[in-house]
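Here are some notes for a first look at this model. Please keep the structure open while reading them.

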Amino acid sequence: MSATTARKSFAHQPDDMVSTSSSTSNSIAASPDHTPRQSPSNTSLSSLDSNSEPELKAVSGKLLDTYGNEFHLPDFTIKQIRDAIPPHCFERSGAKGLGYVARDLASLALTFYLFHTYVTPENISSTPVRAALWTVYTFVQGLFGTGLWVLAHECGHQSFSPSKTLNDTVGWFCHSALLVPYFSWKISHSKHHKATGHLERDMVFIPKTRDEYASKMGYYAHELTELMEETPIVTAGTMVGQQLVGWLLYLVANVTGHNHHERQSEGRGIGKTNGFGGGVNHFNPSSPLYENKDAKLILLSDLGLAIMATVLFLIGTNFGWANLAVWYFIPYLWVNHWLVAITFLQHTDPTLPHYEGQTWNFARGAAATIDREFGFIGRQLLHGIIETHVLHHFVSTIPFYNADEATEAIKPIMGEHYRYNVEGGSLGFLKSMWQSARMCQWVEGCEGAEGENKGVLFYRNRNGLGVPPQKMSPPAELKAAKKEA
């Protein structure tokens with residue numbers, strides 16, 4: 001695919017709000033050299049099998065994203081992406097990685113020391129002032145904690161250092177300290193990378209289809225065009241709930257992950273579904289998110305959580321639970337908030353496609369992500385996880401400190417399929433949360449699409465924003481019921 005000029009004009013939005021641009025790219029050893037297709041007969045969630053996919057019909061019908069921009073299926077390969085990246089971008093340094101861990105731990109420790117020593121009744125007599133300062137403490141510690149989380153994320157992808165032992169040791173300690181089941185998360189997160197953008201195999205923020213959204217609302221799919229706009233207060237309430245408990249619900253009940261566990265290759269998903277009590281979570285070795293061989297790693301993750309929970313219990317018992325809430329648990333909620341916000345905005349945007357199995361392939365899925373900008377916080381405290389996510393989905397073993405250069409290298413290869421939204425910096429990032437929540441309610445196909453294009457779905461909404469949903473006829477059984485009535 002030849003390089004193309006960045007497209008910067010989008011319907012219903014400022015010229016430079018969300019863009020697609022020119023780029024070149026490269027991939028890691030763990031990624032397939034040539035773009036594979038999912039085998040429709042293969043039930044393994046982590047499979048990238050490419051041998052049994054039938055030929056699809058030629059594409060036809062215009063594809064429109066939510067803004068009304070025409071979309072064309074990506075046709076570049078992972079090998080093209082990989083070959084475009086300078087070789088030194090793949091080099092990992094354990095010493096450099098440990099240096100960043102030391103920096104983040106020192107930041108956490110120093111912040112605690114300063115506030116614990118100086119923000120006291122002896123030094124600051126005003127209770128409201130002390131409360132305000134401790135509120136700032138929780139926010140700052142949440143940022144430093146998120147940075148540490150990101151470094152453990154690097155460990156999970158083996159981009160932290162060339163040593164798997166060092167990576168997993170550091171990752172287990174850092175994530176356990178943040179009450180994250182490291183190996184359990186690592187395994188499910190790997191499957192997310194292997195099926196990004198796939199409507200039946202992805203592991204995070206899979207959008208509802210039109211039928212699923214309508215069913216949840218108590219309507220038929222054809223009736224969505226007749227519904228009134230969702231009130232902003234409902235949108236805001238949904239967002240608050242997502243940001244407060246979204247991460248915990250993902251761990252405990254696999255919320256936002258796929259719900260096709262009956263396809264698990266070892267049969268352990270039969271009768272199990274997402275939700276409380278459904279048998280799908282990140283703590284049970286028998287969960288269908290894992291295979292039998294993963295059992296010891298899941299238990300090791302649980303052990304890390306048990307150790308950290310014991311430490312927190314001892315701190316709360318000896319120093320007071322109110323103190324522990326301020327010192328640890330409120331910053332912990334901030335960490336969870338940032339994780340959910342970042343992941344949501346990496347994979348939810350009016351310009352992003354999602355794919356059915358017959359159209360999905362690894363390169364198309366990896367391109368169905370978007371880079372954003374969060375200024376100093378994003379690039380320095382959060383180690384660039386927001387600004388270089390597209391590259392990360394193509395080549396997850398490239399360390400974050402080489403990701404900017406690698407991102408520039410892949411842009412000419414990706415062309416119009418490189419997506420970014422840098423308008424407004426940090427404030428623009430936060431504004432995008434609201435915009436995506438209002439515009440991205442479900443996904444559906446585009447009118448007249450055939451062949452591969454039929455398997456490309458874009459976000460639509462009932463709020464009158466962007467391209468309107470298709471008008472649909474009632475299902476045949478409903479028409480028959482009405483005639484009989």
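1. Second largest cavity. In this predicted model, the second largest cavity is lined by Ile-342, Leu-345, Gln-346, Ile-370, Arg-372, Ile-386 and Phe-429. Its space comes to about 30 Å³. H9 is the main contributor to this lining, giving 3 residues. By class, the lining holds 5 nonpolar residues, 1 polar and 1 charged.

2. Ile-386. Which residues does Ile-386 touch, leaving out those up to four places away in sequence? They are Ile-342, Asp-371, Arg-372, Glu-373, Phe-374 and Phe-429. Three of the names in this lining come back in the next point: Ile-342, Ile-386 and Phe-429.

3. Largest nonpolar core. This core has 42 residues. Ile-342, Ile-386 and Phe-429 are among those with the most contacts inside it. Val-101, Trp-149, Trp-247 and Leu-382 are also on that list. Several helices each supply at least two residues: H2 (94-118), H3 (127-156), H4 (164-177), H5 (182-194), H7 (232-253), H9 (321-347) and H14 (425-439). Another core lies apart from this one. That other core has 31 residues, including Phe-71, Trp-360, Phe-362 and Phe-394.

4. Largest cavity. How many cavities of 30 Å³ or more does a search of the whole structure find? The search finds 2. The largest has a volume of about 120 Å³. It is lined by 14 residues, and those closest to its centre are Glu-154, Ile-385, Thr-388, His-392 and Phe-400. Helix H3 and helix H12 (389-394) are the elements that give two or more residues to this lining. The lining divides into 7 nonpolar, 6 polar and 1 charged residues.

5. Leu-179. Please check the backbone here. Leu-179 is not a glycine, yet its phi is positive, at about 60°. Most residues other than glycine have a negative phi. Leu-179 sits in the loop between H4 and H5. Is Leu-179 buried or exposed? Its relative accessible area is 18%, so Leu-179 counts as buried, the cut-off being under 20%.

6. His-383. This is another backbone to inspect. The phi of His-383 is positive and near 60°, again in a residue other than glycine. His-383 is placed in the loop between helix H11 (375-381) and H12. With a relative accessibility of 2%, His-383 is buried.

7. Cysteines. How many disulfides does the structure hold? The number is 0. Cys-174 is therefore worth a look in terms of its distances: the nearest cysteine sulfur belongs to Cys-155 and is 6.3 Å away, whereas a disulfide needs sulfur atoms within 2.5 Å. Cys-174 is buried, at 7% relative accessible area. Cys-446 counts as buried too, at 9% relative accessibility.

8. Ala-449. This residue lies in the loop between strand S7 (442-445) and strand S8 (456-460). Ala-449 is buried, with 7% relative accessibility. What does Ala-449 contact, leaving aside its neighbours within four places in sequence? The partners are Ser-60, Gly-61, Leu-63 and Lys-454. Leu-63 is 386 residues away from Ala-449 in sequence. In space, their C-alpha atoms are 7.0 Å apart.

9. Gly-466. Here is another pairing across the sequence. Gly-466 is in the loop between S8 and helix H15 (476-484). Its relative accessibility is 17%, and Gly-466 counts as buried. Gly-466 and Thr-66 are 400 residues apart along the chain. Their C-alpha atoms are separated by 5.2 Å.

10. The whole chain. The protein has 15 helices and 8 strands. Of its 485 residues, 53% are buried. What share of the contacts between residues at least 6 apart in sequence join residues at least 24 apart? The share is 72%. The pair Ala-449 and Leu-63 is one place to look at such separations, with their positions 386 residues apart in sequence.

Conventions. Residues numbered from 1 in each chain as written. Predicted model: local features only at pLDDT ≥ 70, side-chain atom pairs only at ≥ 80, totals over all residues. Heavy atoms only, no water. Core = buried A, V, L, I, M, F, W, Y, C linked by side-chain atoms within 4.5 Å. Buried < 20%, exposed > 50% of the residue type's maximum accessible area, 1.4 Å probe, protein only. Helix = DSSP H or I, 4+ residues; strand = E, 2+ residues; numbered from the N terminus. Contact = heavy atoms within 4.5 Å. 1 Å grid on protein atoms, 1.4 Å probe; cavity = no way out; pocket = protein on both sides within 12 Å on 5 of 7 lines; lining within 4 Å. Points joined across faces, edges and corners; volume = space filled by probe spheres on them. Nonpolar A, V, L, I, M, F, W, Y, C, P; charged D, E, K, R; others polar.
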